[in-house]
Amino acid sequence: MDKNKYTYVWVSFIILIFGIIFIPRIIERVNKGTVVESDRMSIDTNNGDLAYIIVNKEKRKVPEFAFINQDSLLITNNDYKGKVYLVEFFFTTCPSICPIMNQNLVQIQSKFEDFEDFGVASFTINPTYDTPTVLKEYAEKYGITNLNWNLMTGDPEGIYDLANSGFNIFASEVPNAPGGFEHAGLFALVDKNGYLRSRADEFGNPIIYYRGAISEEAGVNDHGEKEQIGILKEDIQKLLEEKL
C-alpha cells in the first residue's frame, strides 16, 4: 500500500470512530436544545436561583456607557450602581414592537414604583431623530415617571456597539424595514452590581434575555412564543431582595 492510500485509510478510520462516539451525543444535545447555548456560555446559580451569564469563564457585566437622557443630562453606567434595572433598545418612531415593549415596561414601572433602587435604561437606535426633546415627549406620552428610567441618545456608532457587541442584542439600520430599523425585542436584566442575570430554562441553560414584545395579557405571539413579563417581574423582585 502506498503512502497516500495508507493516509486515506487512516483518516477514514478516524472519521468513523468520531461518528460512532460523538455523533449520538451531539444529536442528543440538539434534541434537548442545549447544543448552542452550552457551547458558548455557562451559568453560575450559586447566588439564589438566578443565573449569572458566564462568558469565557467570567461573569458578564454591563459595559461602560455614557449618553444624554431625555432631560439633557449625561448618564453613565455608574448612575445605575446599587440598582436593579432593565435594558432595552428602541426608537420613538417604531411602528411595530416598541410600543408593546414600552407599555410592558410602564406596567413593570407601576409594580415597582415604591422601589427607589429599580430603574430602566432605554437606548434609542435612531439617535439622529431621537433628540432629548423627542425622548422627553415620548416619556410623557407613555407615562414614564420613574426617576431612574433614562431614555438615552448619543453617538450612533457607540449605541450600535453597545447593543451588538456589549449586550449581543441585535440592532441595525435597515432602510426597507418598518420604520427603517430592525432590533430584537428583548430586555436585559441587571443586578445591583452591574452583572447580567437571568433564570435558567428547563434544560438548565440561562434564557439570557427576556421577551419584551409580548404582553402578559396576550400570553403568546403569532409564533407561539410565550410571554416572559410575568417571570421577569418575579426575577426583578428576587434581585431587589438581594444584598450588595
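1. Which backbone nitrogen does the side chain of Gln70 reach at 2.8 Å? In this predicted model, the side chain of Gln70 reaches the backbone nitrogen of Leu151 at that distance of 2.8 Å. A polar atom of the Gln70 side chain also lies 3.1 Å from the backbone oxygen of Trp149, so that Gln70, which counts as buried at 10% relative accessibility, has polar partners in the backbone of both Leu151 and Trp149.

2. As for its setting, Gln70 is placed in the loop between β4 (66–68) and β5 (74–76). When neighbours within four places in sequence are left aside, Gln70 is in contact with Pro132, Leu135, Lys136, Trp149, Asn150 and Leu151.

3. Asp130 also belongs to a loop, in this case the one between β7 (118–124) and α4 (132–142). Asp130 counts as buried because its relative accessible area is 0%, under the 20% limit. Not counting residues up to four places away in sequence, Asp130 touches Phe91, Thr92, Thr124, Leu135 and Thr153; Leu135 is also one of the contacts of Gln70. Asp130 and Met152 are 22 residues apart in sequence, and their C-alpha atoms are 8.7 Å apart in space.

4. The UniProt record, an unreviewed entry, lists Cys94, Cys98 and His183 under "binding site". Although these residues are spread over 90 residues of sequence, they cluster in space, with a largest C-alpha distance of 10.1 Å. The reader may wish to look at each of them in turn.

5. Cys98 lies in helix α3 and counts as buried at 0% relative accessibility. Leaving out residues up to four places away in sequence, Cys98 touches Phe90, Phe91, Tyr138 and His183, and the last of these, His183, is itself listed in the record under "binding site". Cys94, another of the listed residues, is buried as well, with a relative accessible area of 7%.

6. His183 is found in strand β10 (residues 181–183) and is buried, its relative accessible area being 11%. Its contacts, again without residues up to four places away in sequence, include Cys94 and Cys98, and among them are also Phe89, Phe90, Phe91, Ile97, Met101, Ile125, Phe170 and Ala171. A polar atom of the His183 side chain lies 3.0 Å from the backbone oxygen of Phe89.

7. How many disulfides does the count come to? A disulfide is a covalent bond between the sulfur atoms of two cysteines. With a cut-off of 2.5 Å between cysteine sulfur atoms, the count comes to 0 disulfides.

8. Asn102 is placed in helix α3 (residues 98–111), the helix in which Cys98 lies. Why does Asn102 count as buried? The relative accessible area of Asn102 is 1%, which is under 20%, and therefore Asn102 counts as buried. Setting aside neighbours within four places in sequence, Asn102 is in contact with Glu88, Phe90, Tyr138, Tyr142 and Trp149. Of these residues, Phe90 and Tyr138 are also touched by Cys98, while Trp149 is also in contact with Gln70.

Note on methods
Residues are numbered from 1 along each chain as its sequence is written. This is a predicted model: local features need pLDDT of at least 70, side-chain atom pairs count only at pLDDT 80 or more; totals for chains, interfaces and linings use all residues. Side-chain values use heavy atoms; hydrogens and water are left out. Helices (H or I, at least four residues) and strands (E, at least two) are DSSP runs, numbered from the N terminus. Buried means under 20% relative accessible area, exposed over 50%, partly exposed in between (1.4 Å probe, protein chains only). Contact means heavy atoms within 4.5 Å. UniProt positions are given in the numbering used here, feature names are shortened, and annotations may be inferred rather than shown by experiment. A polar contact is a pair of N or O atoms within 3.5 Å; within protein, one must be able to donate a hydrogen and the other to accept it, and residues adjacent in sequence count only if both atoms are side-chain atoms.
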